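Biologist: I should like to become acquainted with this structure. May we go through it by question and answer?

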Amino acid sequence: MKTFNFWIIALLLAITSCTIDKTDYEAETGSEVPESYEFKEATSFTSGNYKISIDALNGIFYKGYNELHLKIINTQNNQVLTSSDVTFLPILSNADGSKSSCPHEYNVAYDAANKYYSAYSVFTGESSTTASWKLYISFTADNQKYEINKDVSVAQQTNKNLNMTAFAGNDGEQYVIALVSPQKPTVSENPLVAGVYKYNKPTTPAGTFPDPTQFSYSKVVGYILKLDPRMPEPSMGNHSSPNNKDLVQENDGLYHGVVNYTMTGNWTLNLIMMNQNGLIVKGTVVPTDHTPGVEGVKSELYIDTLF
């Protein structure tokens with residue numbers, strides 16, 4: 001009887017292990033892909049005579065890449081502050097007391113054409129009972145430096161076409177890749193844009209919190225993201241598509257390529273990240289064999305999408 005119970009337990013564990021981290025493709029069939037192109041106020045706060053407002057898509061901070069528009073207004077005369085040294089620093093605090101940041105634009109420049117300070121933040125986690133985000137902002141006005149902070153909420157990204165991944169490279173560095181567009185792909189060759197960032201390990205002891213040198217990220221320069229999109233759903237056999245283009249960096253600092261979606265459904269963007277010397281920082285080649293009925297093999301570096 002003891003032997004029988006042992007094998008029953010072993011069988012249950014085997015069944016359970018086969019279902020861990022498996023995608024429920026059927027549950028995603030027919031899912032509506034959300035999209036939003038309207039910037040709305042996500043948060044605002046005041047310091048002295050100044051109001052700071054931050055606009056984001058749909059008025060929400062999401063896990064992943066967020067384009068942000070900051071506006072600073074003198075509430076006494078309703079004048080917009082346009083020539084200030086503005087800094088922006090997001091900090092994540094965990095229940096164990098540890099603190100970290102995410103890729104962001106620390107020194108924020110004023111965009112005169114659009115009349116706002118242009119920034120971005122790639123929030124690497126959602127707000128929860130054990131993890132909270134706070135924005136630290138400073139600016140100079142009337143020969144005075146203002147330093148303020150505010151708690152904000154970061155929501156789950158419901159659009160898988162804007163997913164992200166964070167990982168350690170083979171070089172021991174910490175990286176983040178975040179999809180920027182398209183929000184809503186079509187069955188065609190789609191321009192694919194992603195941000196690629198690296199954590200800058202501090203070289204000096206921490207100063208007064210929040211010391212930006214301890215939470216610094218930079219855009220990765222001159223790498224290549226080799227792209228192999230597949231449909232990993234068992235019924236799709238992990239097939240790929242033609243006419244895809246690897247992602248390379250352009251003048252905006254982001255990485256641009258082309259992904260050819262030949263039908264709607266679940267797709268995996270299998271990636272191999274290579275540095276300026278052609279060395280693989282992360283990623284593996286995906287087998288080319290067609291495997292109907294079996295969930296597709298993925299690169300060790302990938303991002304799932306759905307449309």
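Biologist: Between which two strands is the place of Gln214?

Modeller: This is a predicted model. In it, Gln214 sits in a loop. That loop runs between strand S15 (189-199) and strand S16 (217-219).

Biologist: Is Gln214 buried or exposed?

Modeller: A residue counts as buried under 20% relative accessible area. Gln214 is buried because its relative accessible area is 16%. The term for Gln214 is therefore buried.

Biologist: Which residue has its backbone oxygen 3.1 Å from a polar atom of the side chain of Gln214?

Modeller: Leaving aside neighbours within four places in sequence, Gln214 is in contact with Tyr199, Pro202, Thr204, Pro205 and Ala206. A polar atom of the Gln214 side chain lies 3.1 Å from the backbone oxygen of one residue, Thr204.

Biologist: Which strand supplies the largest share of the largest nonpolar core?

Modeller: The largest nonpolar core has 28 residues, and Ile54, Phe61, Leu70, Ile137 and Phe139 touch the most other members. At least two residues of this core come from each of several strands, including S2 (50-57), S4 (64-74) and S10 (131-141). The largest share, 6 residues, is supplied by S10.

Biologist: With which residues is Leu70 in contact, leaving aside its neighbours within four places in sequence?

Modeller: Leu70 is among the core residues that touch the most other members. Its contacts, apart from neighbours within four places in sequence, are Ser53, Ile54, Val86, Phe88, Tyr116, Tyr117, Ala119 and Ile137.

Biologist: How many residues make up the other core that lies apart from it?

Modeller: Tyr223, Leu225, Met231 and Leu271 are among the members of this other core. Its residues number 24.

Biologist: Which residue takes a positive phi in the hairpin of S13 and S14?

Modeller: Strand S13 (residues 164-168) and strand S14 (residues 174-181) run antiparallel and are joined by 5 bridges. Within that pairing, Ala166 has Val176 in S14 as its bridge partner. The hairpin has 5 residues between the strands, and the positive phi, near 85 degrees, belongs to Gly172.

Biologist: What is the bridge partner of Ala178 in S15?

Modeller: S14 also pairs with S15, in the antiparallel sense, over 6 bridges. In S15, the partner of Ala178 is Gly195.

Biologist: Over which residues is the pLDDT below 50?

Modeller: The protein chain averages a pLDDT of 90, and 88% of the residues score at least 70. One stretch has a pLDDT below 50 and makes 0 contacts in the model beyond near neighbours in sequence. Where pLDDT is low, predicted coordinates should not be read in detail. The stretch below 50 is residues 1-21.

Notes: Residues are numbered from 1 along each chain as its sequence is written. This is a predicted model: local features need pLDDT of at least 70, side-chain atom pairs count only at pLDDT 80 or more; totals for chains, interfaces and linings use all residues. Side-chain values use heavy atoms; hydrogens and water are left out. Helices (H or I, at least four residues) and strands (E, at least two) are DSSP runs, numbered from the N terminus. Buried means under 20% relative accessible area, exposed over 50%, partly exposed in between (1.4 Å probe, protein chains only). A polar contact is a pair of N or O atoms within 3.5 Å; within protein, one must be able to donate a hydrogen and the other to accept it, and residues adjacent in sequence count only if both atoms are side-chain atoms. Contact means heavy atoms within 4.5 Å. A nonpolar core is a set of buried Ala, Val, Leu, Ile, Met, Phe, Trp, Tyr and Cys residues joined through side-chain atoms within 4.5 Å. pLDDT is the predictor's confidence in each residue, from 0 to 100. Two strands pair if DSSP finds at least two bridges between them.
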